[in-house]
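Here's a little workout for anyone meeting a protein model from scratch. Grab the viewer, try each task yourself, then read through the solution.

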Amino acid sequence: MKQTTNAILMIRPVAFRMNEQTAVNNYYQKVLNGLLPDTVNAKAQQEFDAFVEKLRAVGVDVTVVDDIIETDTPDSIFPNNWVSFHEHGDVVLYPMFAENRRLERRDDILDILEKKGFEISNIIYYNAAEEEGIFLEGTGSLLLDRANAKAYCALSPRADEELVIKFCQNFDYTPVIFKAFQTVNGRRKLIYHTNVMMCLGETFAVVCADSIDDEKERKMVLDHLKEDKKEIILITEDQVNNFAGNMLEVRGKDDKRYIVMSASAHQSLTPKQIAQLENHAEILSSSLDTIEACGGGSARCMMAEVFLPRIHSIA
């Protein structure tokens, strides 16, 4: 199994704003005072378009689909939470914590990928778990080490342990389950998504070990990474607040590897950390300030990796 792909799905926003339904446990979201909703959406679109342009310029195959205004889905820009695409033609649809995020699941997006030459042979539906109040938000919750068949997951109101185990049984992954915390008004609160505090590349891992309060759990996570010979690059909680954990390694032209992150994540890194990352791949960063502030997510959340097999290429 490959750990990285050249193909990415991204959703261009039409009604982007701070989602009041997700703010209850995403403590990274902020209200941008003094900005009209249309201004916030326009800024998000500008950031999105510039980001897509940078990815395409280095040869990343980006499929852009426009969001639909009628659904009023402010977080549609983060598709990796509701869908994941796998090497044998499997597509997984996930149960979403916020009711208005459930409207992001669209069959026509799968049709667009098929028309582009990707093969979908099986759709696995976990989303019925929503009716029982059980959630697992895609590769926001599940950090997949595809090459070593391990699924790292920080439990939260958006990541149910039993559903993590079910996923691992279905896909023959080993679950690596723990709890990760952030400090909110002096109290330790669960981090809503694993991919905020951790990133897995082919040969490296970025992780905020300080957010794993339980020493045994912290050791277990680090031991798994060491066992798989990943270079561990530790980041601080302050860097997590700048979305330094929310990176993704992708492949560009001629299979060249890039570590994609936001400008704020890049600026928060130390020269030593940057040098460590650059030993593995070239850094590609783009300004996502509005998206990060209102959405509480960053570069990695905006990219749903497409590992589906290609039947043929359609221009």
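Below are five exercises on this predicted model, each with a worked solution.

**Exercise 1. Get a feel for the whole chain: how many helices and strands does the chain have, and how compact is it?**

Start by counting elements: there are nine helices and 17 strands. Next, look at the spread of the chain. Its radius of gyration is 18 Å, close to the 20 Å that the globule rule gives for 315 residues, so the chain is as compact as a globular protein of that length. If you'd rather think in boxes, the C-alpha atoms fill one of roughly 50 × 50 × 45 Å along the principal axes.

Now peek inside: 59% of the 315 residues count as buried. Then check who meets whom. Take contacts between residues at least 6 apart in sequence, and 75% of them join residues at least 24 apart. Last comes the outside, where the chain exposes about 13000 Å², with carbon and sulfur atoms supplying 49% of that area. As for charges, there are 34 positive and 49 negative ones, and their mean positions sit 4 Å apart.

**Exercise 2. Find the buried residues of helix H2 and work out how they are arranged around the axis.**

Step one: go to residues 107–115, which make up H2, and pick out Ile 109, Leu 110 and Leu 113 as buried. Step two: look down the axis. These three cover an arc of only 100°, which puts them on the same side of H2. Step three: flip to the face turned away from that side, and you'll meet the exposed Asp 107 and Lys 115.

Step four: ask what the buried residues pack against. The partners are strands S1 (7–12), S2 (61–66), S3 (83–85), S4 (90–93) and S5 (122–125). Finally, step past the end of the helix: H2 is followed by Gly 117, which has a positive phi, near 105°.

**Exercise 3. Do the same for helix H4: which residues are buried, and which strands do they pack against?**

H4 spans residues 161–171, and its buried residues are Leu 163, Val 164, Phe 167, Cys 168 and Phe 171. Seen down the axis, they fall within an arc of 145°, so they line one face of the helix. The face turned away from them carries exposed Glu 162 and Gln 169.

On the buried side, the packing partners are S4, S5, S6 (142–145), S7 (150–154) and S8 (174–178).

**Exercise 4. Take Gln 46 and Gln 239: is each one buried or exposed?**

First, place them: Gln 46 is in helix H1 (residues 37–57), and Gln 239 is in helix H6 (residues 237–241). Then apply the cut-offs: exposed means over 50% relative accessible area, and buried means under 20%. Gln 46 has 58%, so it counts as exposed. Gln 239 has 5%, so it is buried.

Now look around each one. Setting aside residues up to four places away in sequence, Gln 239 touches Ala 244, Ser 268, Leu 269, Thr 270 and Gln 273. Gln 46 is 241 residues from Ser 287 in sequence, with 9.8 Å between their C-alpha atoms.

**Exercise 5. Where does Leu 155 lie, and what does it touch?**

Leu 155 is in the loop between S7 and H4. At 12% relative accessibility, Leu 155 counts as buried. Leaving out residues up to four places away, its contacts include Asp 160, Ile 177, Phe 178, Leu 190 and Ile 191.

How values were computed. Residues numbered from 1 in each chain as written. Predicted model: local features only at pLDDT ≥ 70, side-chain atom pairs only at ≥ 80, totals over all residues. Heavy atoms only, no water. Buried < 20%, exposed > 50% of the residue type's maximum accessible area, 1.4 Å probe, protein only. Helix = DSSP H or I, 4+ residues; strand = E, 2+ residues; numbered from the N terminus. Arc of directions from axis to C-beta. Contact = heavy atoms within 4.5 Å. Rg over C-alpha atoms; globule rule 2.2 N^0.38 Å. Areas by Shrake-Rupley, 256 points an atom, 1.4 Å probe, with all protein chains shown as cover. Lys, Arg positive; Asp, Glu negative; His and termini not counted. Charge placed at Lys NZ, Arg CZ, Asp CG, Glu CD.
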